[in-house]
Amino acid sequence: MTAAENILIEVKDLQVRFPIRKKKLFSSEIKQLRAVDGVSFDIKRGETVGLVGESGSGKTTVGRAILRAIDPSDGEVVFHTNGHDVDIAQAEGEELRKFRQHMNMVFSEGSVNLSSLASDRLRLFRSRMSLVFQDPYSSLNPRMTVRDIIAEPLIASGMMKDRQAIDDRVREIAARCKLNLEHLRRFPHAFSGGQRQRICIARALVSRPDFVVCDESVSALDVSIQAEIVNLLKDLQKEMGVAFLFIAHDLSVVAQMSHRVAVMYVGKFVEYASTEQLFFAPRHPYTHALLSAIPRADPDAEFNPIKLQGEIPNPLDAPSGCRFHSRCPFARERCSQEAPEWREVDIEHFVACHFTEEFDFSRQKGQEPRE
Ligand code: SF4
């Protein structure tokens, strides 16, 4: 497969704006909150892309706009089907395989522009994408059994109708997610946070999607359970070839999980590179500051976290020029006047900074994040 064929999702100049009414003394005005402002990147088949940034940077909005849970205001999200999926689905059962063949006939063009897909076609296409939420407590319906929760996407999409086939598929995916099959008749309240998150993962993967957004999916869990869920996701990725967009604010977890990592700041990507490049040779001052604050694996290693001045700006009043200029220790006059170009500074290493060539933020091995 060529590099171009290996790309599953292409995001091109994605923009999400929300109108916000601002009240004044005797009037009001509508301002545009630019939650996502011109984001471009791609995700390969079977790859995990980590997405990090402070709260309010727009990470969740990017994930939801790709899935069309939120309609993008501008830009494109292109999903390349390329027909590889039928072979994969053969191992997953006859009904699922037939459904995929039907989908391939409907979407015969090979590339689907999700951002402009009509609602009936989008409903059909949804079985190829899924979402795992942060909170495993509120994201499960307390009145449904675990079996019914996991089976829901199969029934809602019309993918499977035969009860026995649905039961077989639910048991198969539950076993892969290391759930006790004797507990499928129980209700969610009987389970711990880690087990509930396994149920959420089983529900997300039951329709054999190519792409899953994990939105802070391990953030609410204890550290030991976090590690179990991260290992489970990695195992499932190897078995099923699914691609993940892994949204998190904990860089250590992102490093363990991701092949590539994107860093976001006030609605824009500031850096995107392989995990190795981003953690050991970052090129953007914001990435450098975030990495400096991660506890070290080696207790004797130097630890000097960079304290950024001020708060993350409000996207309603985003700074002109480079959005990071109000907090950047290296900012110059040009930074407040001219927005930096998003450019490839090394192979598959993208940065938005005027002066990146002048910095050397490379880090020594041994300074990697704690496991
Ligand atoms: Fe800092 Fe200027 Fe680079 Fe922005 S463009 S990150 S303000 S040096």
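# A tour of the pockets, the cavity and two strand pairings

The second largest pocket has a volume of about 260 Å³. To find it in this predicted model, select Lys 268, Phe 269, Pro 340, Trp 342 and Ala 352, which are the closest to its centre among the 17 residues that line this pocket.

Next, colour strand 2 (28-44) and strand 10 (268-274), each of which supplies at least two residues to the lining of the second largest pocket. Strand 2 gives the largest share of that lining, four residues. By class, the lining of the second largest pocket consists of ten nonpolar, four polar and three charged residues.

Now give separate colours to domain 1 (7-258) and domain 2 (282-367). Where does the second largest pocket lie in relation to domain 1 and domain 2? It lies between them, because both domains give residues to its lining.

**The largest pocket**

Select Arg 126, Met 129, Ser 130, Leu 131 and Pro 153. Of the 16 residues that line the largest pocket, these five lie nearest its centre. The space in the largest pocket comes to about 510 Å³.

Three elements should then be displayed together: strand 6 (129-132), helix 5 (146-156) and helix 7 (193-205). Each of them supplies at least two residues of the lining of the largest pocket. How many residues of this lining are nonpolar, polar and charged? The lining of the largest pocket has eight nonpolar, four polar and four charged residues.

**The cavity and the ligand**

Move on to the enclosed space. The count comes to one cavity of 30 Å³ or more. The largest cavity has a volume of about 100 Å³, and among the 14 residues that line it, Cys 322, Cys 328, Cys 335, Cys 353 and Phe 355 are the closest to its centre. The lining of this largest cavity holds eleven nonpolar and three polar residues, with no charged residues.

What takes up the space of the largest cavity? The ligand does. Select the ligand and show the residues that surround it: His 284, Pro 285, Cys 322, Phe 324, His 325, Cys 328, Phe 330, Ala 331, Cys 335, Cys 353, His 354 and Phe 355. In this shell around the ligand, nine residues are nonpolar, three are polar and none is charged.

**Two strand pairings**

For the last stop, select strand 1 (residues 7-23) and strand 4 (residues 74-80), which pair in the antiparallel sense over five bridges. A residue to pick out here is Ile 9, which stands opposite Phe 79 in strand 4.

Keep strand 4 in view and add strand 5 (residues 111-113). Strand 4 and strand 5 also pair in the antiparallel sense, over three bridges. Which residue of strand 5 is the bridge partner of Val 78? The bridge partner is Asn 113. With these strands displayed, strand 4 can be followed from its pairing with strand 1 to its pairing with strand 5.

How values were computed:
Residues numbered from 1 in each chain as written. Predicted model: local features only at pLDDT ≥ 70, side-chain atom pairs only at ≥ 80, totals over all residues. Heavy atoms only, no water. 1 Å grid on protein atoms, 1.4 Å probe; cavity = no way out; pocket = protein on both sides within 12 Å on 5 of 7 lines; lining within 4 Å. Points joined across faces, edges and corners; volume = space filled by probe spheres on them. Nonpolar A, V, L, I, M, F, W, Y, C, P; charged D, E, K, R; others polar. Near = heavy atom within 4 Å. Sits in = over half its atoms within 2 Å of the grid points. Pairing = 2+ DSSP bridges. Domains from an automatic or database assignment.
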